[in-house]
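Me: Hi! I've got a structure open here and would love to talk it through with you. Could you look at it with me?

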Amino acid sequence: MKWLSGQPAKTDDGYYLCAIVEHSQPSELYWDGSSWSYAVEYESREIVDNNDVPYYMRLDDIPMPETW
């Protein structure tokens, strides 16, 4: 499990844990193949500038605790 830089491939859409510029902690964002956004109800999305997300890791790559 490590932070990746840049942007995921266009085909790797899904949810990611992201480091966002000027934020003190990571946030969960959705990558749609071309842009980042916060997941908002009813399919409206708040887009985040791609340049403001220098690091990310796919949520599926974060392991569950060993005793889970």
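Me: Which residue in β3 is the bridge partner of Y16?
Reply: That's L29. β2 and β3 pair in the antiparallel sense over five bridges. Strands here are DSSP runs of E, at least two residues long, numbered from the N terminus, and two strands pair if DSSP finds at least two bridges between them.

Me: Before I go on, what kind of model is this?
Reply: It's a predicted model, where local features need pLDDT of at least 70 and side-chain atom pairs count only at pLDDT 80 or more, while totals for chains, interfaces and linings use all residues. Residues are numbered from 1 along each chain as its sequence is written, and side-chain values use heavy atoms, with hydrogens and water left out.

Me: Thanks! In what order do the strands sit in the sheet?
Reply: The sheet is open, with six strands in the order β1-β6-β2-β3-β4-β5, and the pairing is antiparallel. β1 (4-5) and β5 (46-48) are at the edges with a single partner strand each, so each has one side without a neighbour in the sheet.

Me: And which residue in β6 goes with C18?
Reply: Y56 is the bridge partner of C18 there. β6 covers residues 55-58 and pairs with β2 in the antiparallel sense over four bridges. Leaving aside neighbours within four places in sequence, Y56 also has contacts (heavy atoms within 4.5 Å) with residues including W3, P8, Y16 and W36.

Me: Back to β3. Which residues are on its covered face?
Reply: S27, L29 and W31 are on the covered face, with E28 and Y30 on the uncovered one. In a regular strand, side chains alternate between the two faces of the sheet.

Me: Is S27 buried or exposed?
Reply: Buried, because its relative accessible area is 16% and buried means under 20% (exposed is over 50%, partly exposed in between, with a 1.4 Å probe and protein chains only). S27 touches Y16, L17, C18, I20 and Y38, leaving aside neighbours within four places in sequence.

Me: What about S37, where is that one?
Reply: S37 is in strand β4, residues 36-38. S37 counts as buried at 1% relative accessibility.

Me: How are β3 and β4 connected?
Reply: They form a hairpin with four residues between them, and G33 in the turn has a positive phi of about 105°. Two bridges join these antiparallel strands, and W31 has W36 as its bridge partner in β4.

Me: How do the rings of W31 and W36 sit?
Reply: Among the five aromatic pairs in the structure, this one has ring centres 4.9 Å apart and planes at 50°, so the pair is tilted. Rings of Phe, Tyr and Trp (its six-membered ring) pair if their centres lie within 6.5 Å; planes under 30 degrees apart are stacked, over 60 edge-to-face, the rest tilted. W31 and W36 are both buried, and they form one aromatic cluster with Y16 and Y56.

Me: Which residues make up the largest nonpolar core?
Reply: Nine residues: Y16, C18, I20, L29, W31, W36, V48, V53 and Y56. A nonpolar core is a set of buried Ala, Val, Leu, Ile, Met, Phe, Trp, Tyr and Cys residues joined through side-chain atoms within 4.5 Å.

Me: Last topic: how many salt bridges are there?
Reply: One, between the side chains of D60 and R58 at 3.5 Å, N to O. The cut-off is a Lys or Arg side-chain nitrogen within 4 Å of an Asp or Glu carboxyl oxygen. D60 is exposed at 64% relative accessibility, and R58 is partly exposed at 23%.
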